[in-house]
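Dear colleague,

I am passing on the structure that follows, together with an account of what was found in it. Please read the notes with the model open beside them.

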Amino acid sequence: MNRTTLSLIGAATALAAVTGVAALTGGSSDDGEASAKAATRLPVQRSTLLCPTPSSSDVSSTTYTAYTPKGDGADSKDGTAELLPAQNPVDDTTDPGGDDGGKDDGKNGKDGKDGDGEGKDGGKGGRAAPSGDKPVLPLKEPGKPVTTEESSAGAPALIGTADGRFAPGWTVQQTTTIDAGSGRGLLGTACTAPDTDFWLPGVSTDRSRQDFVHLTNPDDAAAEVDLKLYGPSGRLKASTDEAITVPPRSTVPVLLSTLTDQRAASASLHVTARSGRVGAAVQAVDQKAGSDWLPASAVPSTSVAIPGIPKDATSARLVVFAPGADDADLKVRLAGPNNAITPAGHESLHVKSGMTRAIDLGDVTKGEPGSLLLTPEGGEGPATPVVAALRVTRGKGSDQETAFIPATSAIERSATAADNRTKGSTLSLVAPRASAKVRITASAGAGGGSPVSKTYEIKGGTTKALEPPRPSSGKGPYAVTVERLSGGPVHASRMLALSQDGVPMFTIQSLPDDRGTVAVPEAGQDLSLLNDD
C-alpha cells in the first residue's frame, strides 16, 4: 500500500464524519482500540433510517417513537430529524400481517419494476403516500423523545434523515399491536440504516407461515436487489425471478414462499443490492403463534451472541447458517444470571456450508433469563463465520406468542431502545468474556420528566436482566440508552411485553452499537508507517 492510497483513506475517513458513514467504526474491539489511539472520534453529521410498512390490518395500531441522546454539541441549534412517507407501488391486495395473512400471490413487488406504480392490469391502484405530507416525528431537541400513534391501515413505510446535532445516535422505534386475525400479536422493530447486504436466518416458506421481506429504497435512483433462500439441504430452487427492482424512495414487500416451490420450516434469506442500497426486514406471520419482525443478523462472525431470552420462554428454536466455503463446528452455551452452562443434549453444533441448521432447545432457560453464545469448537484450521437467529415462544396452546432475536453485534460505545413503557420493559445484557461496566440512562418521557442514570456491573459469562430505570416524574414513552464504560464486550436487547386477553404478547429488539461517532485521523498524522512498498 503506497502513500497516495493512504492519503485517500484519510480523506475518505474525514469525509465520513460529514456524511455520516458510521459503518467505518466497525471491526473488532482490538482494531477499534488501536484506531482510537491514533485518531479523534467525531460525531456523525448525517444519519438515515428506514421503517417498514407496519401493517394494513384494520384491527391494528402503531406507535412511533424517535429519540436522539443529548451529547456533545447538543446546545447547538443546527440540525433536523424527521421522516417522510415512502411510496408503495403495489396492489392493495397485499396484506402482510393483516387479517388475510397475506394470501395474495405475493409477487406484487415485481409489478412495480418500472417505478410507475402500475400493476399487472395497468391500473394505478397502488398505495402511495400523497405528496406534500407533513414530516413525521420531527425532533425538537436532543434528550427528549417524540411519539405518535396511528391506525396501521394503509400506513406507509417511512424514510428519515437526521443531521447536525440530531444525527449521532438517532433512533426510531415502530411498535404495532394487531388485536385479531392470523397476524395477531405485538410487532416491534427498530428502524434501520440502509445497506447493500443482509443475512436473515430464521425465515420460513412453510405453509403455516407467511413471511414477507420488506425492501425500502431511500434514494432517488432505483435499487436492484437479489433474494436467495437456503434451506436445510442448501439453496432452495427458485420458481421465479429472484431479482427485484425497488423504485426510488419506495418500499416493496415480497412473499418469500412465492420465490420457490420448496417448503422449509426454517431457512435463511440473503438480500444483496446489486445497485443502490435498501433496508430489509421480514414480517413473519404464524397462523397459530402470532407474528413479529425478524431483523437482519449481525455480520457473519466466528463468535455469536444472541441476548435476552425471557425467563418464561416455553420454547426456543435456534437457526444458524454458514455462508462461507467451510463447515462450522460450534460450542453452544447458555449464559444465565450466575454462569454459563451447556444446554443438555446440545453441547455442540455442526453447520454445513451453504445449509441452514435448526435445532429446538425447548424451555432452555428453565425459569431464568439467559443469552445464547456460539463459539468455535476448536480443532485444526481457522474458525468459520456464521449468522444466526433465535425464535422464542411464550405461552402455550392458543395463547402462544413469538418473537425473534438475531445475532447481535457488541456495543462499542452506546445503543438505544426508543419506545419503553411504565410497565413491560426488560433490558438484557450479556458479557460473553470479560466482566464489564455499563451506564443505563432513562431519558425524559415524551410528556415530560427528567432523565435518570444507573451503573451496573455484568460478570463475564453471565446475563443480567433488569427493569430499566424510569425517568423522574416522566410521562409517556421514554428511551433507554446503554453506554459501555469499561471491561469486555457487551451485547444487549430489550423486551417489551403487553399481555392481552391472556395472550403474552411481546417483542424483542436487539441493541447494536448506534455508530454515532466515526474515527478521523489527526491532520498531521504520518500514515507512511503502513507503507508495504
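**Strand pairing, cross-links and backbone**

Beginning with one pair of strands, strand S30 (residues 425-431) and strand S35 (residues 491-497) run antiparallel and are joined by 6 bridges; please bear in mind throughout that this is a predicted model. Within that pairing, Ser425 has Leu496 of S35 as its bridge partner. The two strands belong to an open sheet of 4 strands, whose order is S33-S30-S35-S36 and whose pairing is antiparallel. At its edges are strand S33 (462-466) and strand S36 (506-510), each of which pairs on one side only. On average, and with direction ignored, neighbouring strands of this sheet are turned by 20 degrees against each other.

The loop between S35 and S36 also deserves a look, since Asp501 is placed there. Although Asp501 is a residue other than glycine, its phi is positive, near 55 degrees. With a relative accessible area of 73%, Asp501 is exposed.

Turning to an earlier part of the chain, strand S3 (residues 60-67) is mostly covered, with 7 of its 8 residues buried. Strand S3 pairs in the antiparallel sense with strand S9 (residues 171-178), over 8 bridges, and in that pairing Thr62 is matched with Thr176 of S9. Strand S3 is also joined by 6 bridges to strand S7 (residues 146-151), again with the two strands running antiparallel, and here the bridge partner of Ala66 is Val146 in S7.

Strand S7 leads to another backbone feature, because the loop between strand S6 (127-128) and S7 holds Leu137. Leu137 is not a glycine, yet its phi is positive, at about 55 degrees. In contrast to the exposed Asp501, Leu137 is buried, with a relative accessible area of 6%.

As to covalent cross-links, how many disulfides does a search of the whole structure find? The search finds 1 disulfide, and it is formed by Cys51 and Cys191, whose sulfur atoms are 2.0 Å apart. Cys51 lies in strand S2 (residues 46-51), whereas Cys191 lies in the loop between strand S10 (185-190) and strand S11 (197-203), so the disulfide ties together parts of the chain that are 140 residues apart in sequence. The torsion about the S-S bond of Cys51 and Cys191 is about 110 degrees, and the disulfide is therefore right-handed. Both Cys51 and Cys191 are buried.

The charged pairs come next. Side chains of opposite charge can pair when their charged atoms come close. The count of salt bridges comes to 13, and the pairs described below are among them.

Asp226 forms a salt bridge with Arg274, in which the closest N and O atoms are 3.1 Å apart. Asp226 lies in strand S13 (residues 223-231) and Arg274 in strand S17 (residues 267-275), so this pair ties together parts that are 48 residues apart in sequence. Are its two members buried or exposed? Asp226 is buried, because its relative accessible area of 15% is under 20%, whereas Arg274, at 56% relative accessibility, counts as exposed.

A salt bridge also joins the side chains of Arg317 and Asp360, with a distance of 2.9 Å from N to O. Since Arg317 is in strand S21 (residues 315-321) and Asp360 is in strand S25 (residues 356-360), the pair ties together parts that are 43 residues apart in sequence. Arg317 counts as partly exposed at 23% relative accessibility, while Asp360, with a relative accessible area of 51%, is exposed.

Glu457 and Lys437 likewise form a salt bridge, the closest N and O atoms being 3.8 Å apart. The pair links distant parts of the chain, with Glu457 in strand S32 (residues 452-458) and Lys437 in strand S31 (residues 436-442), 20 residues apart. Lys437 is partly exposed, its relative accessible area being 31%.

With best regards

How values were computed:
Residues are numbered from 1 along each chain as its sequence is written. This is a predicted model: local features need pLDDT of at least 70, side-chain atom pairs count only at pLDDT 80 or more; totals for chains, interfaces and linings use all residues. Side-chain values use heavy atoms; hydrogens and water are left out. Two strands pair if DSSP finds at least two bridges between them. Axes are lines fitted to C-alpha atoms, for helices over the stretch in contact, and angles run from 0 to 180 degrees between N-to-C directions. Buried means under 20% relative accessible area, exposed over 50%, partly exposed in between (1.4 Å probe, protein chains only). A disulfide is a pair of cysteine sulfur atoms within 2.5 Å. A salt bridge is a side-chain nitrogen of Lys or Arg within 4 Å of a carboxyl oxygen of Asp or Glu.
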